[in-house]
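Me: I should like to learn how the features of a structural model are read, one at a time. Could we begin with a loop and then proceed to other features?

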Amino acid sequence: MWNWFIDLSPTIQTLLATLFTWGMTAAGAALVFTAKRVNQRVMDGMLAFAGGVMIAASFWSLLQPAIEMAEGGPLPSWIPAAVGFMTGGFFLWGVDKLLPHLHPELIQSGSSVDKTEAEGRNPESYRRSTLLVLAITLHNIPEGFAIGVAFGTMALTGDMSQLIGAVTLAIGMGLQNFPEGTSVSMPLRREGMSRGRAFWYGQLSGFVEPVSALLGLWLVSLIQPLLPYALAFAAGAMVFVVAEEVIPGSQENGNKDLSAIWLMIGFTVMMVLDVALG
């Protein structure tokens with residue numbers, strides 16, 4: 001199985017990896033068929049776990065390879081990592097300010113969207129379901145981009161450890177996509193949407209990952225000298241998502257200690273996966 005995967009083209013490898021992450025989003029959204037709601041402590045723990053996975057993946061799968069790749073270059077190895085990391089964070093900050101979206105924990109049955117709940121430009125022009133899907137879609141963009149950059153780096157360097165790192169990154173992103181799918185479909189179901197439609201919108205939020213992954217793969221093929229910056233850019237974008245949305249969202253309902261513990265568990269799982277496999 002592994003030998004078969006190695007022989008595939010980087011494009012097919014990237015597509016298969018992100019189809020897996022998309023499938024995990026759909027699996028999380030499918031919980032809407034078994035229950036109308038998930039216990040809030042469980043949801044907060046799942047979200048915090050996802051944050052821990054993303055933080056660990058940002059370092060071991062993206063930042064550390066970026067630093068190693070920059071060694072021996074004309075600049076100190078930390079400069080590409082620092083510049084790319086901050087650029088990724090500021091880019092997501094800008095998109096966050098422009099794209100209308102509504103975070104899942106702010107949806108309350110029967111309430112209306114106003115400027116204190118939704119973010120971005122002119123959110124009142126959109127339905128709540130659209131704003132909710134846009135929120136998760138926004139957060140899935142850097143995840144898919146990171147996977148594409150990781151596979152693109154492997155294709156250009158020919159380093160097998162990069163392939164293992166890219167696969168590990170995809171596994172980690174898939175693990176944390178499960179609660180994201182749930183966090184879309186469950187609030188929509190609570191609003192009275194049918195189970196089928198709630199599932200459809202929940203899985204749809206993960207569709208952006210294959211698209212953004214192919215974009216990352218394509219960009220890396222064009223800017224080989226900027227590989228360390230691209231890896232660090234993806235890491236910065238993911239850390240921004242964790243700091244701006246995932247951690248606050250997991251603690252919104254007062255489960256701070258529970259969220260902290262599950263964030264550490266998620267970090268540990270991803271760290272073990274990356275170090276053990278890589």
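Me: Where does Ser205 lie?

Reply: In this predicted model, Ser205 belongs to the loop that links α7 and α8.

Me: Is Ser205 buried or exposed?

Reply: The label depends on relative accessible area, with buried meaning under 20% and exposed meaning over 50%. Ser205 has a relative accessibility of 0%, and therefore counts as buried. As for its spatial relations, Ser205 and Ser185 are separated by 20 residues in sequence, and their C-alpha atoms are 10.0 Å apart.

Me: Which helix holds Gln203, and how far in space is Gln203 from Thr25?

Reply: Gln203 is part of helix α7, which covers residues 195-204. Its C-alpha atom is 5.5 Å from that of Thr25, although 178 residues separate the two along the chain. Gln203 counts as buried because its relative accessibility is 8%.

Me: What is the overall makeup of the chain in helices and strands?

Reply: The chain has 10 helices and 0 strands. Read from the N terminus, the order of elements is α-α-α-α-α-α-α-α-α-α. Of the 278 residues in the chain, 50% are buried.

Me: Why does Arg37 count as exposed?

Reply: Arg37 has a relative accessible area of 53%, so Arg37 is classed as exposed, the cut-off being over 50%. Arg37 sits in the loop between α2 (10-29) and α3. Across 153 residues of sequence, the C-alpha atoms of Arg37 and Arg190 lie 7.2 Å from each other.

Me: How should Asp257 be read: buried or exposed?

Reply: Asp257 is exposed, because its relative accessibility is 65%. The residue is found in helix α10. Between Asp257 and Gly45 there are 9.8 Å from C-alpha to C-alpha, with a sequence separation of 212 residues.

Me: Which residues form a nonpolar patch on the surface?

Reply: The patch consists of Leu215, Trp218, Leu222, Ile223 and Leu226, and together these residues have about 470 Å² of accessible area. One of them, Ile223, is located in the loop between α8 (208-222) and α9 (227-250). With a relative accessibility of 30%, Ile223 is placed in the partly exposed class.

Me: How is empty space in a model found, and what is the volume of the second largest pocket?

Reply: The general idea is that a probe the size of a water molecule, rolled over the atoms, shows where empty space is left. In this structure, the second largest pocket has a volume of about 230 Å³.

Me: How many residues line the second largest pocket, and which lie nearest its centre?

Reply: The lining comprises 13 residues, and those nearest the centre are Trp60, Gln64, Pro65, Ser161 and Asp274. By residue class, the lining of this second largest pocket holds 5 nonpolar, 6 polar and 2 charged residues.

Me: Which helices each supply at least two residues of that lining?

Reply: They are α3 (40-70), α6 (160-190) and α10 (256-277). The greatest contribution to the lining of the second largest pocket comes from α3, with 5 residues.

Terms used. Residues numbered from 1 in each chain as written. Predicted model: local features only at pLDDT ≥ 70, side-chain atom pairs only at ≥ 80, totals over all residues. Heavy atoms only, no water. 1 Å grid on protein atoms, 1.4 Å probe; cavity = no way out; pocket = protein on both sides within 12 Å on 5 of 7 lines; lining within 4 Å. Points joined across faces, edges and corners; volume = space filled by probe spheres on them. Helix = DSSP H or I, 4+ residues; strand = E, 2+ residues; numbered from the N terminus. Nonpolar A, V, L, I, M, F, W, Y, C, P; charged D, E, K, R; others polar. Patch = residues over 30% accessible without salt bridge, like charges linked within 9 Å, V, L, I, M, F, W, Y side chains within 5 Å. Areas by Shrake-Rupley, 256 points an atom, 1.4 Å probe, with all protein chains shown as cover. Salt bridge = Lys/Arg side-chain N within 4 Å of Asp/Glu carboxyl O. Buried < 20%, exposed > 50% of the residue type's maximum accessible area, 1.4 Å probe, protein only.
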